[in-house]
Amino acid sequence: MRITLRQMEIFAAIAHTENVSRAAGHLSMSQSAASNALVELERQFDCPLFDRVGKSLRLNGTGRGLLPQVEDMLGRAADIEGYLAGGVLGPLAVGATLTIGNYLATLVAAEYLRRHPASKLRLHVANTHSIVEQLSHFELDIGLIEGEANDPDLLLEPWLEDALVVFCAPQHPLAAVGEASPALLAEQKWIVREAGSGTRALFDRAIARVLPGLHIQLELEHTEAIKRAVESGLGIGCLSRLALREAFRRGSLVEIGTPQLDLRRHFYFARHRQRRVSPATQEFLALCREMTGSALGTDSLALPFIV
């Protein structure tokens, strides 16, 4: 063999960070050692893998073609190490959008680590745009996302049905209405998620497009912050029913019926079509399905924090 796993590991780290120094730091090695390993790899085959742009290294066409093969090789090597270590699952990187991450993925991750205490799991919670970007760069093994992703390199598998809900504080005038017409909704001040989130994408498509000229009072990146702002009377909001179930049960927030609007959506499992499905990924996906059981949607999920 003219190549080593260490060379492949260094190549992958540089590909992800686009910087030799950062890659070396992630691998706990010196910058010069990482740089020499990359130069030697390219020299061995007389085949540049990166374009040098200032201090950054960007994968060229050959490098982009090599990266999924290297990720597959490193994944299999991790599985072999786990097998030799007594059946320990290889390291797993999971990405989850904020609604799923805050209310579902953390529960699954906790159970996964309880069953496999020697395994390594990294859970990254961010908005849909960020998770899709990390999947496309092979930084995640699997993504749990809300709403669809229009990336031809990603494979999506429906998981659970979900729906957005318009809501307000109990003291808000709309709390006593029960249902609100589009004309009435158009008069309100709104507290909404930021652009790039799956929740905001559906809001823009199903509400903002139907009701042009909406007064967006505030954009926030976190569901809990939106709930607190709405509770304070700053405006009305629109979030996943999953994120609102406990608040509705307590009575701190009130649902506003919107029968004329279609706010349904799906949660999906997402992965890069060139990324192998490792045993760790298979185990995590099976656990997701097991923990959601026979529920078809988030409204019927049995959750430990809602009695």
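Helices (H or I, at least four residues) and strands (E, at least two) are taken here as DSSP runs, numbered from the N terminus. This is a predicted model, in which local features need pLDDT of at least 70 and side-chain atom pairs count only at pLDDT 80 or more, while totals for chains, interfaces and linings use all residues. Residues are numbered from 1 along each chain as its sequence is written, and side-chain values use heavy atoms, with hydrogens and water left out.

Let us begin with the whole protein. There are eleven helices and eleven strands, and the C-alpha trace spans about 75 × 45 × 30 Å along its principal axes. Of the 307 residues, 49% are buried (buried means under 20% relative accessible area, exposed over 50%, partly exposed in between, with a 1.4 Å probe and protein chains only).

Now to the pockets. A pocket is an open set of points on a 1 Å grid over the protein atoms alone, where a 1.4 Å probe fits, with protein on both sides within 12 Å along at least five of seven lines; lining residues have an atom within 4 Å of a point. Volume is the space filled by probe spheres set on the points, which are joined across faces, edges and corners. The largest pocket holds about 1200 Å³ of space. Its lining has 36 residues, and the closest to the centre are Glu 9, Glu 71, Leu 74, Ala 78 and Pro 91. Helix H1 (5-17), helix H4 (61-84) and strand E3 (92-97) each supply at least two lining residues, with H4 giving the most, nine.

The salt bridges come next; each is a side-chain nitrogen of Lys or Arg within 4 Å of a carboxyl oxygen of Asp or Glu. The whole structure has 25 of them, and three are listed here.

| Pair | Closest N to O distance |
|---|---|
| Arg 275 and Asp 141 | 2.9 Å |
| Glu 224 and Lys 227 | 2.9 Å |
| Arg 241 and Glu 255 | 3.0 Å |

Arg 241 lies in helix H10 (residues 241-250) and Glu 255 in strand E10 (residues 254-256), so this pair ties together parts 14 residues apart in sequence. Arg 241 is partly exposed, with a relative accessible area of 25%, and Glu 255 is also partly exposed, at 33%. Glu 224 and Lys 227 sit three residues apart in helix H9 (residues 223-231), about one turn of the helix. Here Glu 224 is partly exposed at 32%, whereas Lys 227 is buried at 5%. For the remaining pair, Arg 275 is buried at 14% and Asp 141 is buried at 12%. Elsewhere, Asp 72, Arg 76, Asp 79 and Arg 276 are linked in a network of salt bridges.
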